Amino acid sequence: MAAAPQPPSLSETIITNSLSENNVTINEKIYTRLRLATKADLYHIYQLFYQIHAYHNNTHLYKATESSLANLLFKENPLPLYYGPSVLLLEVSPTPFSESKNTTDKGFKPVLTTFDLKFPVVEGQAEEFRSKYDDENDKKDVFIAGYAFFYANYSCFYDKPGFYFESLYFRESYRKLGMGRLLFGTVASIAANNEFVSVEGIVAVWNKKSYDFYIDMGVDIFDEFRYGKLHGENLQKYADKGEK
């Protein structure tokens, strides 16, 4: 007599019931994994970078392609870990993560966290943002929620490099859940544990919630300095027209 078929796992049930509408509803608890991006994540990184441009009404400035991002983030001969452009991706799931069996995360162990939810969270683009990362646990109910982008910078005022924190972004469904502390805190932890002297970046004064967030995380704001940028046509005026 054939064995009775096993009931679907909680993960499979959630995915199956929601696929037709491309929605996954997460209740009570949301499980997260923060890890270094890999080349398999290029499509999602491209989409997230586009979304942050849209958030700031700057999509007309977005020139990146998946190919250009691959060349930027995943060079064949990369700089030492954290010295080149680095992306931490935040993944979410309605079911718990297991320790990854994948050993390719050299130098950074994925951070597993659980957040209690005060209200249901709806993943409305389940197929588009389903993670492509293979942790060898065959877990399918994993979705990309946001990222932190940073790289090493240098100053003659210090004897060691620091981090330039370029951007932090969450897709709309995953905002106001406390996950910003996880991402920024993890970047700060990487800096402190690897002898980088600072984490610095631009803080938008018009965004009070963001401004207050960074203050609360311990960031000093230097009002006596202004951000300057030489770019576009003004930069090209300095180009040597005789060289290509």
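The points below go through the fold, the sheet, the helix packing and the aromatic contacts of this predicted model.

1. Overall make-up. Six helices and eight strands are found in the chain. Read from the N terminus, the order of elements is α-β-β-α-α-β-β-β-β-β-α-β-α-α. The chain has 244 residues, and 39% of them count as buried. Among contacts with a separation of 6 or more, 77% are between residues 24 or more positions apart.

2. The sheet. An open sheet is built from six strands, in the order S4-S2-S3-S6-S7-S8, and its pairing is mixed. At the edges are strand S4 (111-116) and strand S8 (199-200), each of which pairs on one side only.

3. Strand S2 and its neighbours. Strand S2 covers residues 29-36 and runs antiparallel to S4, to which six bridges join it. Two positions show how S2 and S4 line up: Arg33 is opposite Leu112, and Ile30 is opposite Phe115. S2 also pairs with S3, again in the antiparallel sense and over six bridges. Here Leu34 of the one strand faces Leu90 in S3 as its opposite residue. S2 is largely enclosed by the rest of the structure, because seven of its eight residues are buried. When following S2 residue by residue, keep in mind that side chains in a regular strand alternate between the two faces of the sheet.

4. Helix H2 against the sheet. Helix H2 (residues 42-55) lies across three strands: S3 (86-93), S6 (143-153) and S7 (162-170). The helix runs at about 85 degrees to S6.

5. Helix H2 against helix H3. Two packed helices are described by the angle between their axes and the distance between the axes. For H2 and helix H3 (residues 66-73), the angle is about 105 degrees and the axes are 10 Å apart. H2 is therefore roughly perpendicular to H3, since angles of 65 to 115 degrees fall in that class. On the H2 side the contact involves Leu42, Tyr43, Ile45, Tyr46 and Phe49, and on the H3 side Glu66, Leu69, Ala70 and Leu73.

6. Aromatic pairs. The count of aromatic pairs is 18. In one of them, Phe184 and Tyr214, the ring centres are 5.3 Å apart and the planes meet at 75 degrees, so the pair is edge-to-face. This pair links distant parts of the chain, as Phe184 is in helix H4 (residues 179-193) and Tyr214 in helix H5 (residues 208-216), 30 residues apart. Are these two residues buried or exposed? Phe184 has 6% relative accessibility and so counts as buried; Tyr214, at 10%, counts as buried too.

7. A second pair and a cluster. Phe222 and Phe225 also form an edge-to-face pair, with 6.4 Å from centre to centre and 75 degrees between the planes. Phe225 has 60% relative accessibility and therefore counts as exposed. Elsewhere, ring pairs link Phe49, Tyr147, Phe149, Tyr151, Tyr164 and Tyr169 into a cluster. Phe49 in this cluster is also one of the H2 residues in the contact with H3.

8. Charges over rings. Which arginines sit over aromatic rings? Arg35 lies over the face of Tyr133, 4.0 Å from the ring centre. Arg171 has its charged end over the ring of Phe129, at 3.9 Å from the centre.

Conventions: Residues are numbered from 1 along each chain as its sequence is written. This is a predicted model: local features need pLDDT of at least 70, side-chain atom pairs count only at pLDDT 80 or more; totals for chains, interfaces and linings use all residues. Side-chain values use heavy atoms; hydrogens and water are left out. Two strands pair if DSSP finds at least two bridges between them. Helices (H or I, at least four residues) and strands (E, at least two) are DSSP runs, numbered from the N terminus. Contact means heavy atoms within 4.5 Å. Axes are lines fitted to C-alpha atoms, for helices over the stretch in contact, and angles run from 0 to 180 degrees between N-to-C directions. Rings of Phe, Tyr and Trp (its six-membered ring) pair if their centres lie within 6.5 Å; planes under 30 degrees apart count as stacked, over 60 as edge-to-face and the rest as tilted. Buried means under 20% relative accessible area, exposed over 50%, partly exposed in between (1.4 Å probe, protein chains only). A charge sits over a ring if NZ of Lys or CZ of Arg is within 6 Å of the ring centre and within 35 degrees of the ring normal. Angles under 35 degrees count as roughly parallel, over 145 as roughly antiparallel, 65 to 115 as roughly perpendicular and the rest as oblique.
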